[in-house]
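Colleague: I would like a close look at one part of this model. Please take me through a single strand and its surroundings.

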Amino acid sequence: MKNDLNMDSRRSFIIKLLGIFGGIVTIIISIPVIGVFLEPLARKKPETWRSVGNIDKFKTGETVLVDFPNSSSLPWTGTVSKTASWLRRVSDTQFIAFSVHCTHLGCPVHWLPDAEIFLCPCHGGVFNKDGSYAAGPPPKNLSQYPVRIEKNEVQILASPIPITTL
Ligand code: FES
C-alpha cells in the first residue's frame, strides 16, 4: 500500500516535471517564430535625405547619374555603402530621381540620351524617359526616390533598394 502511494507520487512528480520541461521547450521554440511575425511591425524603414549637389550643377532636361550614401550606411562600410540614381531636372524647381535598379532582377540600368530610354544590359529591359516600362522582362516601371531642394542643394530621400516582388 505504501509502495503504491510512493509510486503514484513519483509518477505524478515525473509528469509535472515533463509538463514544465515541455512548457519551457515550447517557449524557447516559439520566441523566434513570434519574432518573425512581429519583426516587420517593429522595424522602421531607414530613410535619410542625401545631398547630391548644388541646384546649379544640373541643367534642365538633362538626366545625369548621381551617387550618394545609402540610408543605412555605416562608417566602416566604405564604397559598398554608396548607391546611385538617375537624376533628371524637369524644370527650375522640379527633379525626378529614378532608381538605377531594373525592376526585373535589379541590374543597374543605363541612360541612353540619344534614344531617351533607360536600357538594362542584363536581359534587355527598356524603360521610357519617364521611367515607365517600355519592353522586355521588367514587371513594372522604374522606382523613384522623393527629391527636394533645401538651401539650393538637391536632396534625395535615400531608402533601401526597392526589391521587386513577383
Ligand atoms: S535585370 Fe533588367 S531586364 Fe533583367
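Modeller: What follows starts at one residue and works outward through its strand, sheet and core.

First, the ground rules. This is a predicted model, in which local features need pLDDT of at least 70, side-chain atom pairs count only at pLDDT 80 or more, and totals for chains, interfaces and linings use all residues. Residues are numbered from 1 along each chain as its sequence is written.

Start at Ala158. Ala158 lies in strand β11, residues 153-158. Strands here are DSSP runs of E, at least two residues, numbered from the N terminus. Is Ala158 buried or exposed? Ala158 counts as buried, because 23 C-beta neighbours fall inside 10 Å. The cut-offs: 20 or more other C-beta atoms within 10 Å is buried, 12 or fewer is exposed, and in between is partly exposed, with C-beta atoms placed from the backbone.

Which residues does Ala158 touch? Setting aside neighbours within four places in sequence, Ala158 is in contact with Glu47, Thr48, Arg50, Phe68, Asn70, Ser71 and Thr83. Contact means C-beta atoms, placed from the backbone, within 7 Å. Ser51 sits 107 residues from Ala158 in sequence, and their C-alpha atoms are 9.8 Å apart.

Now the sheet. β11 belongs to an open sheet of 3 strands, ordered β1-β11-β10, with antiparallel pairing. Two strands pair if DSSP finds at least two bridges between them. β1 (48-54) and β10 (147-150) stand at the edges with a single partner strand each, so one side of each has no neighbour in the sheet. From one strand to the next, the twist averages 35°. That angle is taken between N-to-C directions of lines fitted to C-alpha atoms, on a scale from 0 to 180 degrees.

Look at one pairing. β10 and β11 are antiparallel over 4 bridges. Glu150 has Glu153 in β11 as its bridge partner.

β11 also feeds the core. The largest nonpolar core has 19 residues, and Ala97, Val109, Val147 and Ile156 touch the most other members. β3 (82-89), β4 (95-99) and β11 each supply at least two residues of this core. Such a core is a set of buried Ala, Val, Leu, Ile, Met, Phe, Trp, Tyr and Cys residues joined through C-beta atoms within 7 Å. In soluble globular proteins, nonpolar side chains tend to be buried together.

Finish with Val147. Neighbours within four places aside, Val147 is in contact with Phe95, Ile96, Ala97, Val154, Gln155 and Ile156. Two of these, Ala97 and Ile156, are also among the core residues that touch the most other members.

Conventions: Contact = placed C-beta atoms within 7 Å.
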